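Colleague: Got a minute? I'd like to go through this one with you, bit by bit.

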Amino acid sequence: MRLVWHRGDLRLHDHPALLEALGEGPVVGLVVLDPNNLKTTPRRRAWFLENVRALREAYRRRGGALWVLEGLPWEKVPEAARRLRAKAVYALKSHTPYGRHRDERVREALEVPLHLLPASHLIPPDLPKAYRVYTPFRRNLQDLSPPLPAPEALPQAPEEGEIPQETSDVPLPPPGEEAALARLYSFLEEKLPRYAEARDRLDGEGGSRLSPYFTLGVLSPRLAAWEALKRGGKGALKWVDELIWRDFSHHLLHHFPWMRERPLDPRWEALPWNEDEALFQAWLEGRTGVPLVDAAMRELGATGLLSNRARMCVAQFAVKYLLLPWRKAEAAFKALLLDGDTAQNLQGWQWAGGLGVDAAPYFRVFNLVEQGKRHDPGGAWLRRYAPEYPSYEPMDPVVDLEEARRRYLALAEDLVKR
């Protein structure tokens, strides 16, 4: 018996660890409900558990079994291995600081080998050289090999463990890899050709809305890129670039784990962050008087989803216009996201906030009125989430936008000169 430990890879397709384990003999799948990961919001917990449930059904349909145990991985993985008399444990490699710590502790606690195989990144995050800028990182892309198929059948075994029920405070997408693959192919056929032109829409309708599936590994990014490139065109190239940005995020966190707490460019630690709690709550709840920001934060609160353009705008408003403590704002923002990937959220906030990622210049400050007009020209998205605003012009804003922009630039220029 071999144990296949699923973590951020709640799928059967394109899964090297599962197929290698199957090549050695019978397998049982395992998910550990780790309290370190479940200390989050109901929406994120519910989304995770629904996809664990879908993974168990995928095992069942093929005749196999998925164990679900609750507790610390360095206790529960060895326990499952002992009870199943497993000869080895197989998993896909994790690159987050916690994931690497967890895996080392599990390895030390196991009495059998732990085999960690490459995850489905387009570019491995653990390149020997550490890159801070996207373009040279992207040059490491090599020709993709075809994604691995899901096994058609799995060996019979008894199941163990219950999957708790959790009520989400927002509607959830359909869980599981079948739903993810269906959404992928719908996007590829209907939206990929115009992705390069439509991806910045504030309503998110130009994008794929696949990120919640990517975050939990319900959908393989390698398979997604393979299918996009088969179709070709400008849209495919641009979308695959965005998937590579995802890998760049994981690369940054792998090599610079301290970016969870500090800007990649240490000069920005000296900004005079504004600890005003009322101002923070106004931003978080969409009560700033800035139409784009309020519509975006209300959509995020109501759905757990938000377009990439809107994410950049609200992050930049928090950091550059309000000078809110960026780490506090980033954590609160991530808690609302269904796709709250740690590496991607940190990279996005540090990029939008000009805090050192990809050499994003500090002087890039979005005009939030023009952003709204350009990327929601008919105003339909604004009317849906902030109908009290007749246009993208601010109404009694918490800060004067031009004054706040000048204040930030003066502070930033002073730090640059030091």
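**Prolines, sheet and pocket**

Modeller: Sure. Pro 272 lies in the loop between α11 and α12. Keep in mind that this is a predicted model.

Colleague: Is Pro 272 buried, partly exposed or exposed?

Modeller: Pro 272 is partly exposed, because its relative accessibility is 44% and that class runs between 20% and 50%.

Colleague: Which residues does Pro 272 touch, leaving out those up to four places away in sequence?

Modeller: Leu 323 and Leu 411. There is also a pair to look at with Pro 325. The two prolines, Pro 272 and Pro 325, are 53 residues apart in sequence. In space their C-alpha atoms are 8.9 Å apart.

Colleague: And where is Pro 387?

Modeller: Pro 387 sits in the loop between α18 (380-385) and α19 (401-417).

Colleague: Why does Pro 387 count as exposed?

Modeller: Because its relative accessibility is 59%, and exposed means over 50%. Pro 387 can be paired up with Pro 291. They are 96 residues apart in sequence, and 9.2 Å apart in space from C-alpha to C-alpha.

Colleague: New topic. What is the strand order in the open sheet?

Modeller: The order is β3-β2-β1-β4-β5. That makes five strands, with parallel pairing. At the edges are β3 (66-70) and β5 (114-117), each paired on one side only. From one strand to the next, the twist averages 25°.

Colleague: How many bridges join β1 to β2?

Modeller: Five, and the two strands run parallel. In that pair, Leu 3 stands opposite Val 28 of β2. His 6 stands opposite Val 31, also in β2.

Colleague: What about β1 and β4?

Modeller: β1 covers residues 2-6 and β4 covers residues 88-92. They pair in the parallel sense over three bridges. Val 4 has Tyr 90 of β4 as its bridge partner.

Colleague: And β2 with β3?

Modeller: Parallel again, over five bridges. There, Val 32 has Leu 69 of β3 as its bridge partner.

Colleague: How many residues of β1 are buried?

Modeller: Five of its five. Arg 2, Val 4 and His 6 point one way from β1, while Leu 3 and Trp 5 point the other way.

Colleague: How many for β2?

Modeller: Seven of its seven residues are buried. Val 27, Gly 29, Val 31 and Leu 33 point one way. Val 28, Leu 30 and Val 32 point the other way.

Colleague: So which strands does helix α4 lie across?

Modeller: Helix α4 (residues 73-84) lies across β1, β2 (27-33), β3 and β4. It runs at about 140° to β3. Helix α5 (residues 97-109) packs on the sheet too, touching β1 and β5. The direction of α5 makes about 150° with that of β5.

Colleague: On to other helices. Where is Asn 51?

Modeller: In helix α3.

Colleague: Buried or exposed?

Modeller: Asn 51 is buried, because its relative accessible area is 0% and buried means under 20%. Leaving out residues up to four places away in sequence, Asn 51 touches Leu 10, Pro 175, Gly 176, Leu 216 and Val 218.

Colleague: Which residues of helix α15 are buried?

Modeller: Helix α15 spans residues 326-336. Its buried residues are Trp 326, Ala 329, Glu 330, Ala 332, Phe 333, Lys 334 and Leu 336. Note the charged names in there, Glu 330 and Lys 334.

Colleague: What do those buried residues of α15 pack against?

Modeller: Five helices appear here: α3 (42-61), α12 (277-285), α13 (291-303), α14 and α16.

Colleague: Last topic, pockets. What volume does the second largest pocket have?

Modeller: About 1000 Å³. It is lined by 41 residues. The closest to its centre are Tyr 195, Glu 242, Asn 308, Arg 311 and Gln 344.

Colleague: Which helix gives the most to that lining?

Modeller: That is α11, with eight residues. Helices α9 (211-215), α11 (234-255), α14 (308-321) and α16 (342-352) each supply at least two residues.

Colleague: And how does the lining divide by residue type?

Modeller: The lining of the second largest pocket has 17 nonpolar, 12 polar and 12 charged residues.

Technical notes: Residues numbered from 1 in each chain as written. Predicted model: local features only at pLDDT ≥ 70, side-chain atom pairs only at ≥ 80, totals over all residues. Heavy atoms only, no water. 1 Å grid on protein atoms, 1.4 Å probe; cavity = no way out; pocket = protein on both sides within 12 Å on 5 of 7 lines; lining within 4 Å. Points joined across faces, edges and corners; volume = space filled by probe spheres on them. Helix = DSSP H or I, 4+ residues; strand = E, 2+ residues; numbered from the N terminus. Pairing = 2+ DSSP bridges. Axes fitted to C-alpha atoms, helices over the stretch in contact; angles between N-to-C directions. Contact = heavy atoms within 4.5 Å. Buried < 20%, exposed > 50% of the residue type's maximum accessible area, 1.4 Å probe, protein only.
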